[in-house]
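Colleague: Could you walk me through this one? I would like to go through the strands, the loops and whatever space is left inside.

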Amino acid sequence: MPGLLNNRRWEVLSCKRGDERLLCEQLGVPPIVARVLCARGICDVQSAYEFLHPSLDRDWADPLDIPGMREAADRVEQALHAHERIAVFGDFDVDGMTSTCLLTQALRRFGADAHPYIPHRFGEGYGLSHEALDRVIADSSPELIITVDNGIASGKEVAWLVGQGVGVVVTDHHEPGDLVPQGVPVTDPKLVADCYSRELAGAGVALKLVCELGRRLGQPDLWREFTDLAALGTVSDMMVLQGENRSLVANGMRQMRRSKRPGIIALAASAGVDLASVNADDLPFSLIPRLNAAGRMGSTEVAFDLLISDNPAEAAMLAGKLERTNTERRETEGRLSEEALARLERSYKGERVIVLAGEGWHEGVKGIVASRIVNRYHVPAIIFTVVDGIARGSGRSVGSVDLFHAVEQCSDVLVRFGGHAGAVGVTCEADKVDEFAKRLQRVMAELPEEEFVDKGEVSAIASLSELTLENIAAMDILQPFGQGNKRPLFGLRGVVMANRARVGYEGSHLRFTATDGVASVPAIMFRAPNIEKAATYDGMVDLVVDAVNESWQGRTNPTLMVSDIVFRDAAESDGAQGVASTLARADDGDERPEEAQLRAQLSRLSYADLTDGLRRQMIGDHELLPAQKAALAVLEQGRSPLCVMATGRGKSLIFHIHAARTALLRKQASVFVYPLRALVSDQAFCLGESLGKLGLSVCVLTGETPAEERDRVYAC
């Protein structure tokens, strides 16, 4: 049953070594980078080159390829020539704000009298509500309203506007349904199934309109000045970073790093972000939450005014105000999370869905609280806030559970609902919440347990020796990271957690050194589940990690940010479907003939050449340490050396290389004796990993080995 356990399963992507080597040779990238590319299906040289060198000149499609774009541009061009007052109507999320900002600024550069509007989350709600439109009309009496990031489902509202004598152009990127506006220009890449640009965010569609207008009005390159805003909107809306979006975000991030926008500069300063080195995957943890905080707390105008400001002093003031709003958002979210989790501590009995309602709970943070509960309990959660007898809820799903479909089966007790498989919005009468929860529980009870399991992606199996400063830095060529191109996670098989320590608030984080007997890398896991066991575990584990270069006091070192720890004993005894079992099955089955050929080639080498070949096989391009070279030279002469080395400096590598060259050249076995069974298991695994690739076998004998097994081993 899903619950408080770490309920995750990992899929290890496969990679053919032949493809990996080809990309290394042709593109000059390290093997670990080539392995990630191949694992993600980018195996041929041309595709990999284009992926590694995103280009708007190459990937930006003609705006007129988007359905309705010609008609939309025609109507806006007509308004520009007629000097009509134009209202740009957006949304209160970051995509909607950046869309509104870039289109407003571009229209003004074209000479338009353009006025931006963002609806208020509380009181007006999403889209072209009558409350919001009343405010727009009263404020500027527009002759044309252009929607950005909304409008595709506002057929009734658009018809009302047309009846009031107001022209409308709809630009959107959401899926069209039954309420697509009629009789006005509507442009949306999802109006047809095969549109090349269908993955654009609202900001991307708005930028396409600017591109087409600029081409007509003698400013063909004006749109390029707004790629930073479009990138911000694209990343915030979690659009897939492939093709057009990848090139757009790559270009936008380059522009953001040298930004002259007072609002972006002030926002980065208040967030403690170094704009000169910011990456796309930094944005969801720095700029984006602060901009979203304004909408969540009912003060969207602060964030929008900051984005569109051209006055540094004003921008600094707005950024400070936004920072205070974000602090308020965090405090509100924290209080509501604590209250919700405290209730669950008393009431949760392993149900497959969590439904909580609270009188007066803050509207703007309930979705974040639902996500926190999902992360803790690994079941879908819906959080309702109750005001004046009406409960409005926000829900998040888990695994592959289709929460929208589940809610749909209970819709007869709801006032309204919407959303998609992963997130829903639900409204019902307050006295119907309990009935809704019971109905939803019955629906969830019919689902297979497999659907509640989160599935993660391991990009490649790696060795600790590969996770060097140079290789980690080289992975930046895979930027920008985001949806569809996430930071690569690596699987590490059979490592030991040395020097373990519980750190942080209440000792909830685990810091240790990951070692495989050849290499050692510092590691940390934040909010480690089952931390009591992890802090005292002496056996081998499998890890899923993100490798980063961390700088502290002028020094930079590789660090492993651990996503998951799977204990080998649990995987063997309980059949756990985590890293241990999954990574153990990851096998390049097509490599065995090459391994046999490699073994034959190695056995024909001289002692010196064989030593160097084994060195490359085991640690790649890294050189042996002087002490390792000296010890191996003495062993080559048949003499016993005395070699004193610090922990983690590579003593095991000496043993492994000498055992391999002795087996290959002299056809003799080596015997390793260890005082502890944990060390026997550790070294047997490491030997099997490094020497098994050469077709050499490893056998284990302990005091508990049965007599018949001893005889079999000795016979070998």
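Colleague: Happy to start with a pairing: which residue stands opposite V548 in strand 18?

Modeller: Keep in mind that this is a predicted model. Strand 17 (residues 540-552) runs antiparallel to strand 18, and 12 bridges join them. Within that pairing, the residue of strand 18 opposite V548 is T559.

Colleague: And how do strands 17 and 18 connect; which residue in the turn has a positive phi?

Modeller: The two strands form a hairpin, with 2 residues between them. One turn residue has a positive phi of about 50 degrees, and that residue is Q553.

Colleague: What is the bridge partner of G491 in strand 17?

Modeller: Strand 17 also pairs with strand 14, again in the antiparallel sense, through 5 bridges. In that pairing, the partner of G491 is V544.

Colleague: Good. In which sense do strand 16 and strand 18 pair?

Modeller: Strand 18 covers residues 555-567, and 2 bridges link it to strand 16. A523 stands opposite L560 of strand 18. The sense of this pairing is parallel.

Colleague: Strand 16 has another neighbour in strand 15; which residue of the turn between them has a positive phi?

Modeller: Strand 15 (residues 509-515) and strand 16 (residues 520-525) run antiparallel and are joined by 6 bridges. R511 faces I524 of strand 16 in this pairing. The strands make a hairpin with 4 residues between them, and the turn residue with a positive phi, about 90 degrees, is G517.

Colleague: Let's move to the sheet with the order 7-8-9-11-10: which strands stand at its edges?

Modeller: This is an open sheet of 5 strands with mixed pairing. Each edge strand has a single partner, so one side of it is left without a neighbour in the sheet. Those edges are strand 7 (354-359) and strand 10 (416-419).

Colleague: By how many degrees are neighbouring strands of that sheet turned against each other?

Modeller: The figure is an average over neighbouring strands, and it ignores their direction. It comes to 15 degrees.

Colleague: And what is the bridge partner of G358 in strand 8?

Modeller: Strand 7 runs parallel to strand 8 (residues 381-387), with 6 bridges between them. There, G358 has as its partner T385.

Colleague: What about the sheet with parallel pairing; in which order do its strands lie?

Modeller: It is an open sheet too, made of 5 strands. At its edges, strand 3 (113-117) and strand 6 (186-187) each pair on one side only. Written across the sheet, the order is 3-2-4-5-6.

Colleague: Which residue of strand 4 is the bridge partner of A87?

Modeller: Strand 2 (residues 85-89) and strand 4 (residues 144-147) run parallel, and 4 bridges join them. Following that pairing, the partner of A87 in strand 4 is I145.

Colleague: Now backbone oddities: what is the phi of S141?

Modeller: S141 sits in the loop between helix 7 (130-140) and strand 4. Its phi is positive although S141 is not a glycine. The value is about 45 degrees.

Colleague: Where is the cis peptide bond that joins P480 to a neighbour, and which residue is that neighbour?

Modeller: P480 lies in the loop between helix 19 (469-474) and strand 14 (490-503). The bond has an omega of about 0 degrees, and the residue joined to P480 is Q479.

Colleague: Which residue caps the N-terminal end of helix 15?

Modeller: Helix 15 (residues 312-347) has 36 residues and reaches 51 Å from its first C-alpha to its last, close to the 52 Å expected. At its N-terminal end, a side-chain oxygen lies 2.9 Å from the backbone nitrogen of A313. The capping residue that provides this oxygen is N311.

Colleague: Last one: how much space lies in the largest cavity?

Modeller: The structure holds 1 cavity of 30 Å³ or more. Residues lining the largest cavity include I472, F481, R487 and D546, and by class the lining has 6 nonpolar, no polar and 2 charged residues. The space inside is about 40 Å³.

Definitions and conventions. Residues are numbered from 1 along each chain as its sequence is written. This is a predicted model: local features need pLDDT of at least 70, side-chain atom pairs count only at pLDDT 80 or more; totals for chains, interfaces and linings use all residues. Side-chain values use heavy atoms; hydrogens and water are left out. The expected span of a helix is 1.5 Å times one less than its number of residues. A polar contact is a pair of N or O atoms within 3.5 Å; within protein, one must be able to donate a hydrogen and the other to accept it, and residues adjacent in sequence count only if both atoms are side-chain atoms. Two strands pair if DSSP finds at least two bridges between them. Axes are lines fitted to C-alpha atoms, for helices over the stretch in contact, and angles run from 0 to 180 degrees between N-to-C directions. On a 1 Å grid over the protein atoms alone, a cavity is a set of points where a 1.4 Å probe fits but cannot get out, and a pocket is an open set with protein on both sides within 12 Å along at least five of seven lines; lining residues have an atom within 4 Å of a point. Grid points are joined across faces, edges and corners, and a volume is the space filled by probe spheres set on the points. Ala, Val, Leu, Ile, Met, Phe, Trp, Tyr, Cys and Pro count as nonpolar, Asp, Glu, Lys and Arg as charged, and the others, Gly among them, as polar.
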